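Here are my notes on the model you sent over. Have it open while you read, and tell me where you disagree.

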Amino acid sequence: MPKKVVTLGEIMLRLSTPGFERFVQADSLDVTYGGGEANVAVAICNYGLNGTFVTKVPDNPLGQAAINHIRRYGVDTQFIARGGKRLGIYFLETGASMRASQVVYDRAGASISDVEISEFDFDKIFEGADWFHTTGITPALSDKAAALTEAALKAAKAKGITTSIDLNYRKKLWSKEKAREVMTRLCQYVDVCIGNEEDAETTLGFVSKGTDVTKGELNLDGYKDVFQQMKAKFGFKYIASTLRESYSASDNGWSALVYDGSNFYHTKQYEVRIVDRVGSGDSFASGFIYGLVSGMPMNEAAEFGVAASALKHTIPGDLNHATLNEVKDLMKGDGSGRVQR
């Protein structure tokens, strides 16, 4: 049987301006759905594993549309709870060159924020599961969502399931102080920690010296020091950080650094021309998880994750529709973009 990966989080309605239009000039909006943990579940299914997504959506056509959207890609949605007031929304304006992308949230009062632990049977949800993944976005939504995230992590750990978290700090959802309080508590139940340089500082208080993301500068030695501090405090089995060198909103350098407590590994760097960068971190997480749960060594799993997420930058929408073979071909060096006939 294929490996089973369970994810927990929010799925939202995404409304984005066509092409590179600004909000103030757009007369229509493109509709899709996505969210960190839902994005991971879809990618896991794309690679041939069993992805199960757990959330709560309103019992109305929009909630059903969100479920249908990810179900078409093979995601197991049987444990999704229905109820609450509304589906969260986010609006996206895609930037270009020196103009940054903009996100506007309209997610206050979403169903997942008003959730009870009793709505989910974790014994059934985690039956046969090999991995559980969530992000720092979910506990940021409300105290109830944070309690649900902690309950899920505890249940997974009690069953011997490998757990992972993508730190994913969102300053529009909570303060640094609240994030550090909650995430420090959650990380004691985590085996694999994923996040970038900003996340490590804002959510856990670890600083990568010599890095300035606004200048596109990276200092690997600073990351290594931070990883060692994180390992010492939380005992993570693996720590991974995507490394984004942001030359502009259109062109980025993209790689990752991973650590297993003994060895550091820096992946190949890709120079990416961005079509849509939303979901790129999720695509790295899903690729790294796929590699590890499939038995790849750490370095190969990291290379898979970086190749998968490099491809995601070229795909519109939240979801990574890159196939297993496409990722493997890119890992082998086929990044020419030549037409495949």
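1. Burial first, since it comes up throughout: a residue is buried under 20% relative accessible area, exposed over 50% and partly exposed in between, using a 1.4 Å probe and protein chains only. By that yardstick Met230 is buried, with a relative accessibility of 2%. Met230 sits in helix H8 (residues 220-234); helices here are DSSP runs of H or I with at least four residues, strands are E runs of at least two, and both are numbered from the N terminus.

2. Some ground rules. This is a predicted model, so to speak with strings attached: local features need pLDDT of at least 70 and side-chain atom pairs count only at pLDDT 80 or more, while totals for chains, interfaces and linings use all residues. Residues are numbered from 1 along each chain as its sequence is written, and side-chain values use heavy atoms, with hydrogens and water left out.

3. Back to Met230. What is Met230 in contact with, leaving aside its neighbours within four places in sequence? The list is Cys193, Ala200, Leu204, Phe206, Gly235, Phe236 and Ile239, where contact means heavy atoms within 4.5 Å. Tyr247 is 17 residues from Met230 in sequence, and their C-alpha atoms are 28 Å apart in space.

4. Now the overall picture. The protein has 11 helices and 15 strands. Its radius of gyration is 19 Å, close to the 20 Å from the globule rule for 341 residues, so the protein is as compact as a globular protein of that length. The radius is taken over C-alpha atoms, and the rule is 2.2 Å times the number of residues to the power 0.38. Along the principal axes, the C-alpha trace spans about 50 × 45 × 45 Å.

5. Of the 341 residues, 55% count as buried. The accessible surface comes to about 14,500 Å², and carbon and sulfur atoms account for 47% of that; areas are from the Shrake-Rupley method with a 1.4 Å probe, and for residues only the protein chains shown count as cover. If you look at contacts between residues at least 6 apart in sequence, 68% of them join residues at least 24 apart.

6. One sheet to look at is an open one of 4 strands, ordered E3-E2-E7-E8 with mixed pairing. Strands E3 (30-34) and E8 (102-106) are its edges, each pairing on one side only. From one strand to the next, the twist averages 25 degrees, with axes fitted to C-alpha atoms (for helices, over the stretch in contact) and angles running from 0 to 180 degrees between N-to-C directions. Strands E2 (residues 12-16) and E7 (residues 89-93) pair in the parallel sense over 4 bridges; pairing requires at least two DSSP bridges between the strands. Leu13 has Ile89 as its bridge partner in E7.

7. Strand E4 (residues 50-54) is mostly covered, with 4 of its 5 residues buried. E4 runs parallel to strand E1 (residues 4-8), and 5 bridges join the two. Val5 stands opposite Gly51 in E4.

8. Helix H11 has three names to check: Leu324, Val327 and Leu330 are its buried residues. Viewed down the axis of H11, they fall within an arc of 135 degrees, so they line one face of the helix; the arc is that of the directions from the helix axis to the C-beta atoms. They pack against strand E15 (270-273), helix H9 (280-293) and helix H10 (298-312).

9. In a regular strand the side chains alternate between the two faces of the sheet. E15 shows this: Tyr270 and Val272 point to one face and are buried, whereas Glu271 and Arg273 point to the other and are not. E15 pairs with strand E13 (residues 251-259) in the antiparallel sense over 4 bridges, and Val272 is the bridge partner of Asn252.

10. Finally, the positive phi values. Gly333, just after H11, takes about 110 degrees and is partly exposed at 47% relative accessibility. Ser97, in the loop between E7 and E8, is not a glycine, yet its phi is near 55 degrees; Ser97 is partly exposed at 33%. Is Asn168 buried or exposed? Asn168 is buried, at 9% relative accessibility, and has a positive phi of about 40 degrees although it is not a glycine. Asn168 lies in the loop between strand E10 (162-166) and helix H6 (176-186).
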